[in-house]
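This briefing is meant to be read with the sequence and the model side by side. It takes up two topics in turn, one for each chain discussed.

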Amino acid sequence: MATKNTQTPVGAPTKGRKALVYLSRYWQLYAMLAIPMVYFLIFKYLPMEYIVLAWKKYTFNTKLWDMEWVGWKHFIKAFNLNAADWGQESVIESLKAILRGDFWLAVRNTIMLNLLDLFIGFPVPIIFALVLNELKLKRFKKVVQTVAYMPHFLSWVIIYSLSLQIFATSDGFINQLIGWGVQLFTGNKFDGIRFLSDPKLWVCVYILVGIWQSFGWNSIIYLAAITGISPELYEAASVDGANRLQKMIHITLPGIRPTIVVLLIMAIGNIVGSGFDRPFAMRNNDVMDVANVISTFVYTRGILNSQFELSTAVGLFQSVIGVIFLLGSNWFSKKMGDRGIF
Amino acid sequence: MRKKALALLLVAACATQLVACSGGGTGDTGSTNQNKPDPGKTNQTEDANGGSELVDGKFKETKKITVEVYNRNNDGGTDPKTNMYAQYIKDGMLKDHNVEVEFVDVSRWEEVTELNNLLAAGTAPDICVTYDYATIKTYADRNGVQDLSKLVEENKDITPHLWDWLGETNIYWDKDPETGTLWAIEGKRATSNRIVTFIRQDWLDELKLKEPTTKKEFEETLIAFRDNADKLLGENADKMIPYSVSYDVGWRAATLIESFIDPDISQREFYVNGFDDRKLTENGTKEAVRLLNKWYNDDLLWKDFTLYGSGDTTEDDFMKSGYVGAFSHNWDYPFRNGADSINASLKRLVGEDAKFVAIDPFEDSKGGHTKYVTSTAGDRKIFFPKTNDEPLASLLYLDWISDPEHIQYLQLGDEGVTCEKLADGSYKSIAATGDAIINSQYNIDYTITCNGLNLGDAAKTAATMANSYAEIEPELVVRANEIANIDAVHEQNVNVGNVESENGMGTTLGEKRDICYDKAVAAPVADFDKTWDQYYKDYMSAGGKEIQKEREEKWVSTYGDVQELPKK
């Protein structure tokens with residue numbers, strides 16, 4: 001507000017000139033900006049033209065705009081709207097029938113897995129960064145940090161192979177260990193815990209393995225933020241007699257609060273989005289009820305079955321919900337007095 | 001201010017891009033539209049004149065075509081695009097027809113995905129091959145495939161090998177009875193064998209058991225394997241898997257499932273319930289799975305079979321290491337891949353007499369051993385994408401590759417390098433090295449119109465087949481081949497035209513079928529009915545029921561209200 005008031009009376013008559021002067025002075029900066037902008041245009045914005053596929057019948061060797069319009073058919077199919085028998089059943093029965101569709105199951109699973117990831121997984125790197133920050137021995141700290149972020153570089157296929165070695169029912173490490181113990185103490189045969197086949201246990205494994213893979217890497221950004229906190233604050237606190245825990249809670253945490261908020265907003269914005277590798281590599285037929293998420297649904301339905309329109313429709317839906325969540329959490333964070341990301 | 005400049009820049013860049021893009025776009029389609037009719041026209045005139053461009057079967061000007069070939073990425077394999085056999089075909093086609101051939105490799109295990117992408121990009125090979133007809137129908141529905149009906153008919157006289165080998169049956173197998181369109185030509189199976197059960201002969205001997213011939217005996221044998229794990233496997237006793245199935249239960253327990261189907265089932269019922277080639281919806285399947293479920297809970301199956309997906313070799317490694325007592329699979333599965341085959345590995349890793357032999361233990365309700373095997377078709381389907389500008393040259397390729405002489409060379413390779421001639425005129429395979437290594441048994445990836453050994457003469461073929469698995473005793477192959485043919489029921493060609501509800505459902509329903517099988521087999525015994533019913537219902541409501549309904553209607557409208565196909 002204040003800037004606007006000072007600018008209007010002085011700047012108004014010479015607005016165009018001023019811009020020119022400004023541009024001629026800083027044009028190099030804009031030229032440099034042009035490169036990433038062109039990248040975004042070509043790879044992020046122009047492909048959006050193909051969103052119209054959601055309302056078209058895809059045919060090979062045809063120009064996009066020449067393809068036949070088919071209306072909302074693909075959305076109706078994707079959202080399983082035909083399953084309902086509105087006239088015959090009650091509204092609740094109809095809704096139930098619709099929600100039994102694979103797409104809604106995928107939406108449910110996506111949100112469920114992402115929320116669990118958020119609740120359980122989000123605080124872990126923060127706590128880790130705080131703890132690591134307290135370590136005095138520099139070399140030890142470095143080693144721990146490096147070891148912790150190593151798994152980030154493993155592909156999910158490898159991680160799944162590792163978890164098979166550890167969690168498999170018949171010859172997984174944990175089950176063999178328990179089986180050995182049971183045999184030793186009771187003499188009974190142990191049947192094995194179905195970590196990867198029982199849907200509930202699978203979700204636990206999925207979340208824990210996810211945290212294991214990413215907490216070290218995610219903590220880097222918090223550690224960087226911690227370095228930015230002025231040491232004077234700590235010194236002042238020490239003078240005032242604050243102990244370590246108090247310093248952590250009253251200086252470090254508030255110091256990295258903006259970082260936490262920004263990352264939280266992005267995580268919430270991503271609540272209906274999901275990576276593809278992790279759920280796809282980790283799933284198996286036993287747990288498909290909880291493991292099929294939107295990205296894998298799009299892959300099996302859209303790419304494998306060559307139903308490109310359906311996957312476009314679902315992708316569009318996903319993006320729209322993602323934007324709503326993003327804007328919502330941004331608005332909320334501004335309301336709460338923090339700065340948002342835009 | 002800054003915002004404005006930015007916005008301006010954005011809009012300007014956007015506009016230029018759009019203009020450039022749409023300009024290029026129209027230019028492209030314009031040129032293809034102009035080009036498109038031309039080759040079609042010249043082809044038509046060619047066809048009408050019996051190929052005026054052809055002199056002695058050779059084009060005056062060199063034509064270029066691209067041909068799909070599977071890439072199996074096998075260990076120590078050769079590059080399918082350029083190896084000795086690819087070169088043989090290239091040289092032959094250039095010499096005989098003046099056609100330059102280029103191979104495009106497509107992963108065997110991701111074929112449909114790759115074809116999707118190639119077709120969408122307009123860069124699909126001129127000759128495409130896939131096992132799944134539903135996929136081709138989807139492509140055709142999306143205007144991606146050429147109608148071959150005219151082409152094959154008009155060039156009958158210059159493609160004698162093709163017609164001799166495939167015949168009307170396979171060429172017109174997929175011809176739409178209503179519209180007359182022909183989207184694909186069916187390659188031919190030289191063998192119709194499908195699935196056989198194998199058991200460890202040496203374990204039977206060690207436990208002094210006789211070969212099981214009924215389900216009851218088979219179960220008792222599995223129990224004996226389980227209970228004698230210490231004796232059979234020593235310190236690896238906990239690795240014992242009496243009977244092994246994979247996530248693909250419908251394939252890997254096929255003979256067991258088929259034995260539960262009513263042997264007198266009508267062709268109509270079999271067809272109506274038969275969209276799923278793993279027979280999930282045939283009557284009787286549920287009881288077969290119930291038996292598997294019992295076995296699973298009695299520790300007779302591999303506990304972790306659901307955790308390993310397609311292409312994973314864990315289960316094969318168990319077989320090779322000797323932990324598996326019995327399994328069902330493709331009729332020659334333990335013999336494939338020479339020194340790396342299951343039986344050769346067993347011999348090396350476990351002991352001289354360790355081996356899998358074929359048995360036939362699953363009796364049906366009438367005491368027979370019904371096996372639903374393929375017809376001569378039902379193998380690879382060959383189609384030409386719309387982007388193929390050389391349909392005639394491509395058709396000549398199919399003719400060339402169906403020439404018995406060429407088939408024989410590709411199947412056997414060079415004498416002294418990949419095979420040696422025996423006294424009776426048949427051939428024995430020898431392990432090849434270097435560029436002569438054959439990636440797929442009998443080079444079936446090249447002989448796209450022929451799957452399975454075919455040397456013209458039946459006796460010679462049989463003798464050669466028995467000797468065609470390097471490091472495997474011929475008797476084992478002969479036996480497996482015999483068992484695979486006991487009470488074999490060949491697939492019939494039910495062609496009722498386009499069944500709309502099937503289009504694009506293959507992968508989705510295939511996935512649901514696997515889940516239904518897997519969940520039901522691995523459920524606690526008490527929950528079996530509940531589990532099966534739940535996932536079966538899911539399969540049906542996801543499209544299975546609709547397909548059955550439409551198949552029933554189409555059957556009646558094509559053949560009338562009868563139970564069997566009309567006799568030919």
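Where in chain B is the place of B:Arg72? In this predicted model, B:Arg72 belongs to the loop that runs between E3 and H3 of chain B. The points below set out the surroundings of that loop, and then turn to a helix of chain A.

**Chain B: strands, crossover and loop**

- Strand E3 (residues 63-71) and strand E4 (residues 99-107) of chain B are paired in the parallel sense over nine bridges, with B:Asn71 standing opposite B:Ser107 of E4(B).
- Together with helix H3 (residues 84-97) of chain B, E3(B) and E4(B) form a β-α-β unit that is right-handed.
- The side chain of B:Arg72 makes a polar contact of 2.7 Å with the side chain of B:Asp445.
- Apart from neighbours within four places in sequence, B:Arg72 also has among its contacts B:Arg108, B:Trp109, B:Asn439, B:Ser440 and B:Ile444.

**Chain A: helix H12**

- At the N-terminal end of H12(A) (residues 244-269), A:Asn243 acts as a cap, a side-chain oxygen lying 3.3 Å from the backbone nitrogen of A:Leu245.
- Further along, H12(A) has a kink of about 50° at A:Arg257, shortly before the proline A:Pro258.
- The buried residues of H12(A) include A:Lys247, A:Met248, A:Ile251, A:Thr252 and A:Ile256, as well as A:Ile260, A:Val261 and A:Ile265.
- Among the elements of chain A that cover these buried residues are helix H6 (123-134), helix H10 (199-227), helix H11 (231-239) and helix H16 (308-335).

Terms used. Residues are numbered from 1 along each chain as its sequence is written. Chains are lettered from A and ligands numbered from 1 in the order in which they are written. This is a predicted model: local features need pLDDT of at least 70, side-chain atom pairs count only at pLDDT 80 or more; totals for chains, interfaces and linings use all residues. Side-chain values use heavy atoms; hydrogens and water are left out. Two strands pair if DSSP finds at least two bridges between them. Helices (H or I, at least four residues) and strands (E, at least two) are DSSP runs, numbered from the N terminus. A crossover is right-handed if, with the strands pointing away from the viewer, the path from the first strand over the helix to the second runs clockwise. The bend at a residue is the angle between axes fitted to the seven residues ending there and the seven starting there. Buried means under 20% relative accessible area, exposed over 50%, partly exposed in between (1.4 Å probe, protein chains only). Contact means heavy atoms within 4.5 Å. A polar contact is a pair of N or O atoms within 3.5 Å; within protein, one must be able to donate a hydrogen and the other to accept it, and residues adjacent in sequence count only if both atoms are side-chain atoms.
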